[in-house]
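Visitor: Could you take me on a close look at one part of this model, the strands and the loops that go with them? I would enjoy a connected walk through it, residue by residue.

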Amino acid sequence: MSSLPVYPWRLAPDGYATRRQLRAQGLRPGGQDVAAQLERPRRRRGPLVAYLYRVDRAKPVRPMTPAKWAALAAANAARRTCPACRRDAGYVIPAALGTCVPCAYPEPETSGL
C-alpha cells in the first residue's frame, strides 16, 4: 500500500485541486482516488487536512436535468413552507424557530380601549 504525498498548506504543486477548486473550474473528481493531501498545522489539535485530486483526470460536471431542477425547486419550497400555518414564508424557515416568524411570535391581542 502506498501512502499519499503530503504537502504543506498552500504549497501543492500544479495539477492538483480540491473538490471545491475542481467545481469552480466546472469539473468533478469523476471516481478517481485521492491523489495527495494538504496539511495545515494547528496549535492544540491535529492538522487540518484537504484532499487533492488530479486535474487532468477530472471529468466535466454533469448537467442538471429537468427532473433535478424540479426536485431542487420542491426541496426549496419545502424549506420555505411553515409547518404550522402551511403558508410560503418567502424565506427559509429558521431551524431554531421551526415555524415562520409570525407563528413563532404571535402578536398579542389588544383590547379595544
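Guide: Gladly, and please keep in mind that this is a predicted model. Let me begin with a loop residue, R86. Its relative accessibility is 60%, so R86 counts as exposed, the cut-off for that being over 50%. R86 lies in the loop between α2 and α3. The backbone deserves a glance here: R86 is not a glycine, yet its phi is positive, at about 60 degrees. As background, most residues other than glycine have a negative phi.

Y91 belongs to the loop between α2 (66–80) and α3 (101–104). With 30% relative accessibility, Y91 counts as partly exposed, because that class lies between the buried and exposed ones. Y91 also takes part in a nonpolar surface patch, together with L97, V101 and Y105. Taken together, these four residues have about 360 Å² of accessible area.

Now to the strands. R10 sits in the loop between β1 (6–8) and β2 (16–17). This arginine has a positive phi too, about 70 degrees, although it is not a glycine. R10 counts as exposed because its relative accessibility is 74%.

Following the chain onward brings us to β2 itself. Which strand does β2 join through two bridges? The partner is β5, residues 48–54, and the two strands run antiparallel. Within β5, the residue standing opposite A17 is Y53.

β5 has a pairing with β4 as well. Strand β4 covers residues 36–40, and five bridges link β4 and β5 in the antiparallel sense. Here you can pick out R40, whose bridge partner in β5 is L48. So β5 is a good place to rest your eye: β5 is joined to β2 by two bridges, and β5 pairs with β4 over five.

One more residue rounds off this view. T18 is placed in the loop between β2 and α1 (19–24). Is T18 buried or exposed? T18 is buried, because its relative accessible area is 18% and the limit for buried is under 20%. Setting aside neighbours within four places in sequence, T18 is in contact with A50, Y51 and L52. Those contacts bring us back to β5, the strand that spans residues 48–54.

If you turn the model with these places in mind, you can compare the loop residues one by one: R10 is exposed in the loop between β1 and β2, whereas T18 is buried in the loop between β2 and α1.

Note on methods
Residues numbered from 1 in each chain as written. Predicted model: local features only at pLDDT ≥ 70, side-chain atom pairs only at ≥ 80, totals over all residues. Heavy atoms only, no water. Patch = residues over 30% accessible without salt bridge, like charges linked within 9 Å, V, L, I, M, F, W, Y side chains within 5 Å. Areas by Shrake-Rupley, 256 points an atom, 1.4 Å probe, with all protein chains shown as cover. Salt bridge = Lys/Arg side-chain N within 4 Å of Asp/Glu carboxyl O. Helix = DSSP H or I, 4+ residues; strand = E, 2+ residues; numbered from the N terminus. Buried < 20%, exposed > 50% of the residue type's maximum accessible area, 1.4 Å probe, protein only. Pairing = 2+ DSSP bridges. Contact = heavy atoms within 4.5 Å.
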